[in-house]
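Me: I would like to go through this model by question and answer, with each reply ending on the value or name asked for.

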Amino acid sequence: MRTARATGAALVAVPLALGGATSQSHAQDASPSPSGTFGPGCASLSQKADTARDKVVEAAAAYPELSQLVAATVRARLSSALDGKPDVTVFAPDDKAFKKVTASQLASLLKNEGQLKKVLTYHVVDQRITPDQLAKGSFTTVEGSKLTTSGSGTHFKVNGKANIVCGNIKAANATIYVIDAVLQPPS
């Protein structure tokens, strides 16, 4: 099974950045929202298979750049819960985003399954979000807090901090937006 292989190797290191929110940017222009995948990072993603028929965790596991997110999801025992939801959006931090964590933050987070679940579910919205909804979006996450999106054309930010580097990736039950930072839910 693809997910088991991908997550087994990735469980060795599960860094999570716990950076706070920064000021929000509202760049606007007349560019229409994209209809397919978009973003400067899409060309460099190494997709192993077509993910449109896979549930969200298996779809994410098809991208080696999301291995640490998949490993954290497995570690927090969230795979079944996420795969069981009919329509979700995941703002998925790539492996580069996970390298921004300090060793002490990582150790603390990995010792606390409840906190790990809280951080991960803050990246998930219980609805499919289209690129048209990203310009000035405000969404309630599965964790229960608000998450905002802003931007236009093919340039969007989440919480004014994380750039969407590749967006609108389809899975059977999800839309995935790869981001370049790990978000922290408000305290």
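Me: Which residue meets Lys118 in a salt bridge?
Reply: This is a predicted model, and its side chains place a nitrogen and an oxygen 3.5 Å apart in this pair. The two parts of the chain are distant, with Lys118 in helix H7 and its partner in the loop between E3 and E4, 25 residues apart. Lys118 itself is partly exposed, at a relative accessible area of 31%. The partner is Glu143.

Me: Which residues do salt bridges with shared partners join into one network?
Reply: Glu113 forms a salt bridge with Arg77, with 3.1 Å between the closest N and O atoms. Glu113 also meets Lys117 in a salt bridge, at 3.4 Å from N to O. The shared partners give one network of Arg77, Glu113 and Lys117.

Me: How many residues apart are Glu113 and Lys117?
Reply: Both residues lie in helix H7, with a spacing of about one turn of the helix. In an α-helix there are 3.6 residues a turn, so residues three or four places apart point the same way. The spacing of Glu113 and Lys117 is 4 residues.

Me: Is Arg77 buried or exposed?
Reply: Just after H3, Arg77 takes a positive phi of about 60 degrees. The cut-off for exposed is over 50% relative accessible area, and Arg77 has 63%. Its salt-bridge partner Glu113, at 30%, counts as partly exposed. Arg77 is exposed.

Me: In what order do the strands of the open sheet stand?
Reply: The sheet has 7 strands and its pairing is mixed. Strand E2 (124–125) and strand E3 (136–140) each have a single partner strand, so one side of each is left without a neighbour in the sheet. With these two at the edges, the order is E2-E1-E7-E6-E5-E4-E3.

Me: Which residues of E3 point to one face and are buried?
Reply: In a regular strand the side chains alternate between the two faces of the sheet. Along E3, Lys136, Ser138 and Thr140 point to one face and are not buried. Those that point to the other face and are buried are Gly137 and Phe139.

Me: Which residue in E4 is the bridge partner of Phe139?
Reply: E3 and E4 run antiparallel and are joined by 5 bridges. The hairpin of E3 and E4 has 5 residues between the strands, and Gly144 takes a positive phi near 115 degrees there. Across from Phe139, the bridge partner in E4 is Leu147.

Me: Over how many bridges do E4 and E5 pair?
Reply: Strand E4 covers residues 146–152 and strand E5 residues 155–158, and the two pair in the antiparallel sense. Gly151 stands opposite Phe156 in E5. The number of bridges between E4 and E5 is 4.

Me: Why does the disulfide of Cys42 and Cys166 tie together parts that lie apart in sequence, and how many residues apart are they?
Reply: The sulfur atoms of Cys42 and Cys166 are 2.0 Å apart, and the link is right-handed, with 100 degrees about the S-S bond. Cys42 lies in the loop between helix H1 and H2, whereas Cys166 lies in strand E6, so the pair ties together separate parts of the sequence. Cys166 is buried, at a relative accessible area of 3%. The parts are 124 residues apart.

Me: How many charged residues are in the lining of the largest cavity?
Reply: The structure holds 1 cavity of 30 Å³ or more, with about 160 Å³ of space in the largest cavity. Of the 16 lining residues, Leu69, Thr73, Leu82, Val90 and Val124 are the closest to the centre. Leu69 and Thr73 are among the residues of H3 that are buried. The lining divides into 13 nonpolar and 3 polar residues, and the charged ones number none.

Me: How many charged residues are in the lining of the largest pocket?
Reply: The largest pocket has a volume of about 170 Å³. Its lining includes Glu65, Asp94, Asp95, Lys96 and Asp180. With 2 nonpolar and 2 polar residues also in the lining, the charged residues number 5.

Notes:
Residues are numbered from 1 along each chain as its sequence is written. This is a predicted model: local features need pLDDT of at least 70, side-chain atom pairs count only at pLDDT 80 or more; totals for chains, interfaces and linings use all residues. Side-chain values use heavy atoms; hydrogens and water are left out. On a 1 Å grid over the protein atoms alone, a cavity is a set of points where a 1.4 Å probe fits but cannot get out, and a pocket is an open set with protein on both sides within 12 Å along at least five of seven lines; lining residues have an atom within 4 Å of a point. Grid points are joined across faces, edges and corners, and a volume is the space filled by probe spheres set on the points. Ala, Val, Leu, Ile, Met, Phe, Trp, Tyr, Cys and Pro count as nonpolar, Asp, Glu, Lys and Arg as charged, and the others, Gly among them, as polar. Two strands pair if DSSP finds at least two bridges between them. Buried means under 20% relative accessible area, exposed over 50%, partly exposed in between (1.4 Å probe, protein chains only). A disulfide is a pair of cysteine sulfur atoms within 2.5 Å. A salt bridge is a side-chain nitrogen of Lys or Arg within 4 Å of a carboxyl oxygen of Asp or Glu.
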